[in-house]
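Got your viewer open? Let's take a walk through this chain, one selection after another.

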Amino acid sequence: ILLGAVISQGQNAIDKSAVLQKIIDLPELQQYYPKNADGSLKQLYITQHLVAFPADLAVSKSGSQVLFLTHEEITAKKAEAYFTFRSFGMDQNAANSSLNFFYDYDYGAGQFKMLTINLELHKTGEAWNVSSLNIGGDK
């Protein structure tokens, strides 16, 4: 029974990573990600605030690991953009999430833009696919 629980936890981490990766890679979000002067993407962050994830989940963008930080760490780094998950639920074949993506953060002025994202995903075989997506906010 213990071996089954370990395998299940391992599969759960793989599925969480896959779902988070699918969210990070949403084509609708790419234009909002911060870029360096050379056009390459800056570091992306996920806050460990309302929903916390294991910090070792394998999620990356443009060859860089997405970092999981507390809200205080995000503020200390003066991150220009980050995700905050308001909810995240999943089982073996379905996942749903509500999250905010804060971007164009100006710490001096205390101003930012924000997208609200609500989505559902379903698993077919080993692949997670978005079945419902709603993006609102400062587009």
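Before the first click, one term: a residue counts as buried when its relative accessible area is under 20%, as exposed when that figure is over 50%, and as partly exposed in between. Keep in mind, too, that you're looking at a predicted model.

**Stop 1: isoleucine 74**

Select isoleucine 74, which sits in helix 2. Is isoleucine 74 buried or exposed? Its relative accessibility is 0%, so it counts as buried. Now show what surrounds isoleucine 74: leaving out neighbours within four places in sequence, you'll find it in contact with Tyr45, Thr47, Leu69, Ala79, Tyr82 and Tyr107. Try a distance from isoleucine 74 to threonine 47: the two are 27 residues apart in sequence, while their C-alpha atoms are 7.2 Å apart in space.

**Stop 2: the whole chain**

Zoom out and switch to cartoon. You should be able to pick out 2 helices and 8 strands. Following the sequence, they come in the pattern α-β-β-β-β-α-β-β-β-β. How compact is the chain for its length? Its radius of gyration is 16 Å, close to the 14 Å that the globule rule gives for 139 residues, so the chain is as compact as a globular protein of that length. Turn the model around and you'll see a C-alpha trace that spans about 55 × 30 × 30 Å along its principal axes.

Try a surface view next. The chain exposes about 7700 Å², and carbon and sulfur atoms supply 51% of that area. Of the 139 residues, 35% count as buried. If you colour by charge, look for 11 positive and 14 negative side chains; the centres of these two sets lie 3 Å apart.

**Stop 3: the largest core**

Hide the surface and go inside. In soluble globular proteins, nonpolar side chains tend to be buried together. Here, the largest nonpolar core has 30 residues. Which residues have the most contacts inside it? Select Phe53, Phe83, Phe85 and Phe101 to see them. The elements that give two or more residues to this core are helix 1 (2-24), strand 5 (82-90), strand 6 (94-106), strand 7 (111-124) and strand 8 (127-137).

Now centre on phenylalanine 85. Not counting residues up to four places away in sequence, phenylalanine 85 touches Leu20, Ile23, Ile46, Leu50, Val51, Phe53, Ser97, Ser98 and Leu99. Apart from this big cluster of 30 residues lies another core, of 6 residues, including Tyr45, Ile74, Ala79 and Tyr82. You've met isoleucine 74 already, back in helix 2.

**Stop 4: glutamine 48**

Move to the loop between strand 1 (45-47) and strand 2, where glutamine 48 is found. Its relative accessibility is 21%, so glutamine 48 counts as partly exposed. With residues up to four places away in sequence set aside, glutamine 48 touches Phe53, Ala55, Phe68, Leu69 and Thr70. Add glutamate 72 to the selection: it is 24 residues from glutamine 48 along the chain, and their C-alpha atoms are separated by 9.7 Å.

**Stop 5: two loops with an unusual backbone angle**

Most residues other than glycine have a negative phi. Which way does serine 62 go, positive or negative? Its phi is near 55°, a positive value. You'll find serine 62 in the loop between strand 2 (60-61) and strand 3 (64-65). At 58% relative accessibility, serine 62 counts as exposed.

Next, jump to lysine 78, in the loop between helix 2 (71-77) and strand 5. Lysine 78 has a positive phi as well, of about 55°. With a relative accessibility of 52%, lysine 78 counts as exposed.

**Stop 6: asparagine 129**

For the last stop, select asparagine 129 in strand 8. Asparagine 129 counts as partly exposed, at 37% relative accessibility. What does asparagine 129 touch, not counting residues up to four places away in sequence? The list is Lys22, Glu120, Leu121, His122 and Thr124. To finish, draw a line from asparagine 129 to serine 87: C-alpha to C-alpha they are 18 Å apart, with their positions 42 residues apart in sequence counted as separation.

Technical notes:
Residues numbered from 1 in each chain as written. Predicted model: local features only at pLDDT ≥ 70, side-chain atom pairs only at ≥ 80, totals over all residues. Heavy atoms only, no water. Core = buried A, V, L, I, M, F, W, Y, C linked by side-chain atoms within 4.5 Å. Buried < 20%, exposed > 50% of the residue type's maximum accessible area, 1.4 Å probe, protein only. Helix = DSSP H or I, 4+ residues; strand = E, 2+ residues; numbered from the N terminus. Contact = heavy atoms within 4.5 Å. Rg over C-alpha atoms; globule rule 2.2 N^0.38 Å. Areas by Shrake-Rupley, 256 points an atom, 1.4 Å probe, with all protein chains shown as cover. Lys, Arg positive; Asp, Glu negative; His and termini not counted. Charge placed at Lys NZ, Arg CZ, Asp CG, Glu CD.
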